[in-house]
Amino acid sequence: MPTQSEAQGRADDIRAFRAELDRLQAEEVLVLDAGRRDAVFAHHEALLASLATRFDIDRDSRAKQLSLGMRVASFLGALALSASVFFLFYQFWGRFNELAQVAILIASALGSLGLTVWIQGRDATGYFTKLAALVAFICFVLNLTMLGQIFNITPSDKALLPWGALAFLLAYTCNLRLLLLAGIACVIAFVAIRMNAWNGISLWHTLERPENVLAAALLLLALPLGVDHRSRPGFAALYRVTGLLCLFVPMLVLGHWGEGSYLDWDAKTIEQGYQTAGFVFSALAIAIGARRDWPETVNTGIGFFVIFLFTKFYDWWWEIMPKYLFFLVVGLTAVLILVVLGRLRRMARSRSGEEAP
Amino acid sequence: MKSWSRKTTLLAGAALIVLANGIALFGVWGNRAGEPEAVVTLSERELTLPYRGQRRENSGLALALNWRVADREMVDLMYSYPSRGGTPDWLDADHMAQLGFNVSGDEGDASSAAQRRYTRQLSRDVLVVLEVDGPVWRAALETAREHAVRHEAAAAANPGDKEFANRAKNARESLVREEEFNSRLFAIDAGLDAAALRARYPDRQRYLILKGTVRPRTIVRDKKTRFSGYVSDLAVGAINVPHALRPGIENLQARYLGVSRGQEGRFTATVATGQRLEPWLMAIAPVAAAVPPRPAVKR
């Protein structure tokens, strides 16, 4: 049985096939007789109807545009509803005794989880499930946070473990990238804080050493290599993008703030080291992404390569160059990057057996 | 990767929520079980009520723990508007080493890389001893009195000089704040071993031990740079008022010099800490307004 993404892929292929067939017929390259044409059309229509009964697929480009609108509305609605739940509790919790407060908190977490699972069984589109799942996650975050406030519990990074676990559970069960992102955020925060906590360092000062986040980068980049995510479109890409962000953002920060490093070296040396590492790793990301056909890895690599390059230009020339010359150099560099990427694209095409234009 | 059924998801999620709540509530029970680690009496000076604006969106009521550090560098500010946190004299290089900080290197050499290495260290979690209405506050009160007397004398010696007059007025106000408004809760020691700290400060009605944070800092004393520390935070900075205790203080306002009158806004609170050194409010009651003396009735 195909997945939602495979069904949508097939529908897209049919739409593309029909458009190309129309062109081929107009150019008189391939002309199907009416019988064959009707048979192919009927087959595709039956296939689309069959897929549409089982999956919420977009059968044409207009439906695709509307789906994008629904995705945006679902995301914004989920954020707004979560904020509403948060403020609703704050508005009224003081009116109840502690037992009622705890009961309401646990009941809201359990109730919203139950509602999410119930909606998932009835929502073929997934938009309402996403909304309910984010509210369930926020209810659970609110639940443990408020327990801390009610009973004056010392704040602890350990709360990130159950929050992350629930986010991953909902993400994998309901196929929701938004919840996967929430789970990944919990993992990044927990790993970074633990790196400090093992040395007795306070949890609120984790980000004063950006290198703490690098361990999370390794974990996030390694995970999609060991776990098969083919049935969950976008999951492996999300792991790779967040992993690369955890790699490049600390490098970018430490490339200009050597004092923030664990390394007990001269700050200038540390900054130069991280700037070099930034160029090397972003180039590596582009190369690996191109070889493995991971477009998000290539794009993130290119984005950070350009940021590293332009911040370096700023350091070198902003003060000493006239502004027109500075921006001319930046513009010419962008042209150079376009030329290099164009050549890479031609090389990739020729490797895959196509003839370069 | 195979998807779980909806029933399995529901059961796993529910188990996770119940387990996480169970662990948190078990911790609360563990903290409050048995004899409290300490029980102290505080007042509105040490427990600050939230502003009216803060209460509009939040119906809960938590009292901010208002604590101080006897910081020689901030002496003028300390007797007027004392802030939380500071660099006390007792937090010297040896003490910082006991708290786990690396104090190797020559602290006296201003150009030394050791100083840079020292101040680059991150804040550490420690246990902070807080003294309630004890010798450290009385010393602060005495200094505020001397401060007021000195500025009063200077103003008297320079009649007509506005600057001296203003300084004398500020010093008088600082003294009133120290006598009636400022917190009497001072951080007086820090360590990593709660039992050792309790053995050093056995009076459980005067000394609270709470979790806090210290970060490294250098100070200049007698023209020499020294390794020191800054007591920056307490892990639990506000204490929730349980629903049952709210009626007594719900309508009280925070007290300010020049605004508050008599006993207005005053209360006493009993705060306990438990086995995990987490505080809770045991009792709280407004201070009854003083009954004005009745005029003598002529017979």
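A residue is called buried here when its relative accessible area is under 20%, exposed when that value is over 50%, and partly exposed in between. By that rule H205(A) is buried, because its relative accessible area is 12%. The model in which this holds is a predicted one, and H205(A) makes a useful starting point for a walk through it.

H205(A) lies in the loop of chain A that runs between α7 (177–197) and α8 (214–226). Its side chain is joined to that of E208(A) by a polar contact of 2.7 Å. When neighbours within four places in sequence are left aside, the residues in contact with H205(A) are N196(A) from its own chain and L122(B), S123(B) and T213(B) from chain B. The surroundings of this histidine therefore lead from one chain to the other, since its listed contacts include residues of chain A and of chain B.

The contact between the chains can next be taken as a whole. The size of an interface is often given as the accessible area lost when the parts come together. For chain A and chain B the buried area is about 4,300 Å², and carbon and sulfur atoms give 56% of it. Chain A brings 56 residues to the contact, while chain B brings 46 residues. Between the two chains there are 24 residue pairs in polar contact, counting those in which both residues are at pLDDT 80 or more. On the side of chain A that touches chain B, the helices α3 (61–92), α4 (98–122), α5 (127–150) and α6 (160–174) each supply at least two residues. The largest share comes from α4(A), with 10 residues. Sorted by class, this side of chain A consists of 28 nonpolar, 20 polar and 8 charged residues.

Charged pairs also join the chains, with a count of 4 salt bridges between chain A and chain B, whereas the count over all chains comes to 25. One that crosses between the chains is formed by E259(A) and R120(B), whose closest N and O atoms are 3.5 Å apart. E259(A) sits in the loop between α9 and α10 (267–292) of chain A, and R120(B) in the loop between α5 (113–119) and β4 (124–132) of chain B. Which of the two partners is buried, and which is partly exposed? E259(A) has a relative accessible area of 30% and therefore counts as partly exposed, while R120(B), with a relative accessible area of 10%, is buried. The pair also belongs to a network of salt bridges that links E259(A), D264(A), R116(B), R117(B) and R120(B).

Other salt bridges stay within chain B. E179(B) and R145(B) form one, with their closest N and O atoms 3.8 Å apart, and this pair links distant parts of the chain, since E179(B) is in helix α7 (residues 162–180) and R145(B) is in helix α6 (residues 135–157), 34 residues apart. Both ends are partly exposed, E179(B) at 32% relative accessibility and R145(B) with a relative accessible area of 34%. In the salt bridge between E163(B) and R167(B), the closest N and O atoms are 2.6 Å apart. Here both residues lie in helix α7 of chain B, 4 residues apart, which is about one turn of the helix. E163(B) is partly exposed at 47% relative accessibility, and so is R167(B), with a relative accessible area of 40%.

Two helices show how the chains are packed. Helix α1 (residues 6–32) of chain B has 27 residues, and because each residue should add 1.5 Å the expected span is 39 Å, which agrees with the 39 Å between its end C-alpha atoms. Among its buried residues are T9(B), L16(B), I17(B) and V28(B). What covers the buried residues of α1(B) includes α4, α5 and α6 of chain A, together with β10 (279–286) of chain B. After α1(B) comes G34(B), whose phi is positive, near 75°. In chain A, helix α9 (residues 235–254) has 20 residues and reaches 29 Å from its first C-alpha to its last, close to the expected 28 Å. Of its 20 residues 15 are buried, so α9(A) is largely enclosed by the rest of the structure.

The walk ends at P322(A), in the loop between α11 (295–317) and α12 (323–351) of chain A. P322(A) counts as partly exposed because its relative accessibility is 38%. Its C-alpha atom is separated by 54 Å from that of L170(A), a residue 152 residues apart from P322(A) along the chain.

Notes: Residues are numbered from 1 along each chain as its sequence is written. Chains are lettered from A and ligands numbered from 1 in the order in which they are written. This is a predicted model: local features need pLDDT of at least 70, side-chain atom pairs count only at pLDDT 80 or more; totals for chains, interfaces and linings use all residues. Side-chain values use heavy atoms; hydrogens and water are left out. Buried means under 20% relative accessible area, exposed over 50%, partly exposed in between (1.4 Å probe, protein chains only). Contact means heavy atoms within 4.5 Å. Buried area is the accessible area (1.4 Å probe) that two parts lose on being put together, summed over both. A salt bridge is a side-chain nitrogen of Lys or Arg within 4 Å of a carboxyl oxygen of Asp or Glu. A polar contact is a pair of N or O atoms within 3.5 Å; within protein, one must be able to donate a hydrogen and the other to accept it, and residues adjacent in sequence count only if both atoms are side-chain atoms. Ala, Val, Leu, Ile, Met, Phe, Trp, Tyr, Cys and Pro count as nonpolar, Asp, Glu, Lys and Arg as charged, and the others, Gly among them, as polar. The expected span of a helix is 1.5 Å times one less than its number of residues.
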